[in-house]
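Student: I would like a close look at one part of this model, the strands and the packing around them. Please take it piece by piece and keep to what the coordinates give.

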Amino acid sequence: MEVLVRDPHGQPVSGAVLELAGDAPPARKVQTDDAGRAVFTGLKPSHYVLSVAKEGFEPVSNHAIELPAGGLLLELALTNIATRTDSVEVRGTVIAVEDPTSEPNRLPPQKAKELPNRPATVADALPLTPGVVREPGGGLILSSSPENRSALIVNSADVTDPATGQFGSTIPIDSVEILNVYQTAYLAEYGRFTAGLVSVETKRGGDKWKWELNDPLPEFFIRSYHLRGLRTATPRLNFDGPLIKDRLFLSEGFEYAVRKTPIYTLPFPYNRKKQAGLNSFTQLDWVASAKHLVTATVHVAPERLGFLNLDFFNPEPVSPDAKTHNYTGTAIDRYTLHGGLLESRFSVTNFDSAVWGRGTGAMIIGPAGNSGSYFAEQHRFAQRISGASSYSFAPLDRLGSHHFKVGGYSAWSDHTGDRFSHTIEIVNAEGAEMVRVSFPRPTHSFEVDDIEKSFFGQDHWIITPRFAVDMGLRTEAQQISGAFRVAPRIGLAWTPFSGLGTVIRGGAGLFYDRVPLNVYGFNRYPNREVTFYDGQGNVSLGPFLFLNTLGQNRVRFPFVSQRPVDGNFSPRSQVWSIQLEHPVTRYLRLRATFLSNISDGLVTLVRVPPDPETNLGAYLLQGTGQSRYRQFDVMAQLKLRTDRELFASYTQSRARGDLNDFGKFLGTVPVPVIPENAYGTLSADLPHRLLAWGVFRLTKTIQAAPVIEYRSGFPYSELTASQQYYGIPNSHRYPHFLSIDSRISKDIKINAKYSVRVSLASFNLTNHFNPEAVHPNVADPAFGYFFGHRGRRFTADFDFLF
């Protein structure tokens, strides 16, 4: 059996003492070498207990291992002293009871950074995991659900936008130690989501100063052998080290980004989205004593965006500009008390954004594209002040071993802003007006606030060395919704065969979304007055006044209690899953998972037809939406060495539900046209997706990082000249997507301290036709035509390594 011991930064730990005890004495002891490697020889397939000790790290005691007949490669990640949570991360083939029953998709940040697209932030890296993709508009999709139905926590602190529920600007990936994506998180400590959970743990400064400078030089547009301006400049600096030896540590990740992204559906030079901003994450860790650790973090991410939704149908005059600011500060106190861990967190998050067009004239929407000026201007500010505390009890050895954890959370949040809207004209292919949308009171202000509270209790019960159960109960209350919700959950992990390392996991539970504050500002948005024309300039219907309103639900669900108030929504999901994991060899691990997510009570936007006598209608936000999601995936991890690793997955899924999710219309960028709601295939439904990527050290100085993705095309809807659905929504699809990318890099040593890494990245090597857009309107002369193909292309870059 071979064991690799790493520190929290993935570096080898030498001199660690490993003790392995089996059924027959005596116990064996070995020490790790300079590569953090230790080998136990002459072992028979059996049950063993491993302990690891090293000064400066929390010891690993009585760790159960099932040694299969084919041997075992085990990797242990030790935790610095006084930073231990209630578990030690273990990678390799281990007995199931040592792991939680909810197994996440783990994304190694250091390896993801080496891939061709060079992800700079957490959000950039997430599509490398099964169940996460980017929709054609650029938004993140988890489990075929929009971003606002998932949660993002950094060091267990909620950092989502209180107004929209979206992630916003995520932290630099250089600052990330562990990145986990849960589609089934059965532990009761997790809440405020119905689709997925992204959990990030950040790096602590090390005992020695380390520096790294990535992408220091800009990239330019070159057309016809002529320099045509700056394309991108994305220098990233990260460093960490001790400010006070063994006491105070600093870690910093910083990126300054200027990007002019070409849109391949528009002609040069009127085809460039513009982005400029910085993204900084700073962490300080104070080791007060061997039992006490205090951590403080600050995330700062201001950004300016030009031509925000630029594409063929929204050229520069119609595309708005925007600016966003995201600031988050968090303080975390961890204290070892009575053999358990007391953890307290305080966090302040501020999001503000503004979006505006280039004039106040009408926005003209036609079958073949839009013209005029963007129709809205919006300024908003949202903040959240939250506190949380939890206590992980020392193990209680009765009828097995119980690991209890309890905790609570409280937050105050508010959302203020104003919105100005002006006329929208929908025209036919000849340019004749068909529909006019005006706003009798174009300017409205809004202000809403909320208080949230939640409590949880859970028990990780190791019944036998091969069987464990997670049981928990969570309660959530959201004042503005008048709702009290109860979420019972259970999960299990079972190792059925001695010596094989096979693990079976399963679970079921209830999950609830926090309703974002923009839902409760909707009834203060400018109302719409809609007039219909016959194409000859004559009014055919209307005008009708549509009021923005909040619905009231009567929920008959045993775990939800609601007051009879407007907006008493409780979006919820009933989730169950089963998973089989098996180490085929010491290098290859397979995992198969089936997941079912049934969601009800989702907040959707529907159109209430106008009364024929009063000509009054409504756009109604109601909590009656549904979605159904099923997923089967198979994952493989091939790990020949720590620097030669391949991840591959195949995902088959089906997603159906109500199409008018509120997030499409109430986000940072207002949407001009609201179609009729319908139930059908969701816009991010991908029946088949194959994804493979890896990092391979070919020689001491040369490294290869390939990425292969093949998937079904995204669904899209055909539209009429009046911009409503034509036929069944989302019944058509883009062509299948295939992209084979790679990045080859070589390290060149300048001296004993400094090196330069030179890289060549290639994209879509097969030049497969991957269109970015389609003409979906039946009144468009180019109806059904796919375009915006990005062909084979290459980029070069280099990094400084200190």
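Tutor: What follows goes from strand pairing to the cores, then to two glutamates and the aromatic rings.

The model is a predicted one. Strands of a sheet pair through backbone hydrogen bonds, either parallel or antiparallel. Strand β24 covers residues 321–337 and strand β25 covers residues 340–356; the two run antiparallel and are joined by 17 bridges. Within this pairing, D333 has S344 in β25 as its bridge partner. The connection between β24 and β25 is a hairpin with two residues between the strands, and H338 in the turn has a positive phi of about 55°. On to the next pairing of β25: 15 bridges join β25 to strand β28, residues 376–392, again in an antiparallel arrangement. Here R345 stands opposite A388 in β28.

A separate item is an open sheet of three strands, in the order β10-β11-β12, with antiparallel pairing. β10 (132–134) and β12 (145–146) are at the edges and have a single partner strand each, so one side of each has no neighbour in the sheet. Strand β11, residues 140–142, is joined to β12 by two bridges. One pair of bridge partners is L142 and S145, the latter in β12.

Now the nonpolar packing. The largest nonpolar core has 37 residues, and the members that touch the most others are F375, V519, Y520, F522, L605, L621 and L666. Elements that each supply at least two residues of this core include β26 (363–366), β30 (424–427), α3 (518–521) and β41 (616–641). The element that gives the most is β37, with three residues. A second core, separate from this one, has 29 residues, among them L107, V159, I173 and A705.

F375 can be followed further through its contacts. Leaving out residues up to four places away in sequence, F375 touches M363, R419, F420, S421, H422, T423, I424, F439, R528, P670, V671 and P672.

E425 belongs to strand β30. Its relative accessibility is 16%, and because buried means under 20%, E425 counts as buried. Beyond residues up to four places away in sequence, E425 touches A362, M363, I364, I365, E433, V435 and R436. M363 is thus a contact of E425 and also a contact of F375. E425 and V530 are 105 residues apart in sequence, with their C-alpha atoms 9.9 Å apart in space.

The other glutamate, E212, lies in strand β17, residues 210–214. At 18% relative accessibility, E212 is counted as buried. The side chain of E212 makes a polar contact with the side chain of N214, at 3.4 Å. With residues up to four places away in sequence left out, E212 touches K113, R236, L237, N238, F800, L801 and F802. The C-alpha atoms of E212 and G521 are separated by 44 Å, and the two residues are 309 apart along the chain.

F800, one of the contacts of E212, leads to the aromatic rings. A pair of aromatic rings is described by the distance of the centres and the angle of the planes. The model has 24 aromatic pairs. Y785 and F787 form a stacked pair, 6.0 Å centre to centre with 10° between the planes. F787 counts as buried, at 9% relative accessibility. The rings of F798 and F800 have centres 5.4 Å apart and planes at 85°, so this pair is edge-to-face. F798 is partly exposed, at 23% relative accessibility. F800 is also partly exposed, with a relative accessible area of 28%. Ring pairs also link F312, F313, Y785 and F787 into a cluster.

Two arginines are placed over rings. The charged end of R192 sits over the ring of Y409, 4.1 Å from the ring centre. R711 lies over the face of F737, at 4.3 Å from the centre of the ring.

Definitions and conventions:
Residues numbered from 1 in each chain as written. Predicted model: local features only at pLDDT ≥ 70, side-chain atom pairs only at ≥ 80, totals over all residues. Heavy atoms only, no water. Pairing = 2+ DSSP bridges. Helix = DSSP H or I, 4+ residues; strand = E, 2+ residues; numbered from the N terminus. Core = buried A, V, L, I, M, F, W, Y, C linked by side-chain atoms within 4.5 Å. Buried < 20%, exposed > 50% of the residue type's maximum accessible area, 1.4 Å probe, protein only. Contact = heavy atoms within 4.5 Å. Polar contact = N/O pair within 3.5 Å; in protein donor to acceptor, adjacent residues only side chain to side chain. Phe/Tyr/Trp six-rings, centres within 6.5 Å; stacked < 30°, edge-to-face > 60°. Lys NZ or Arg CZ within 6 Å of the ring centre and 35° of its normal.
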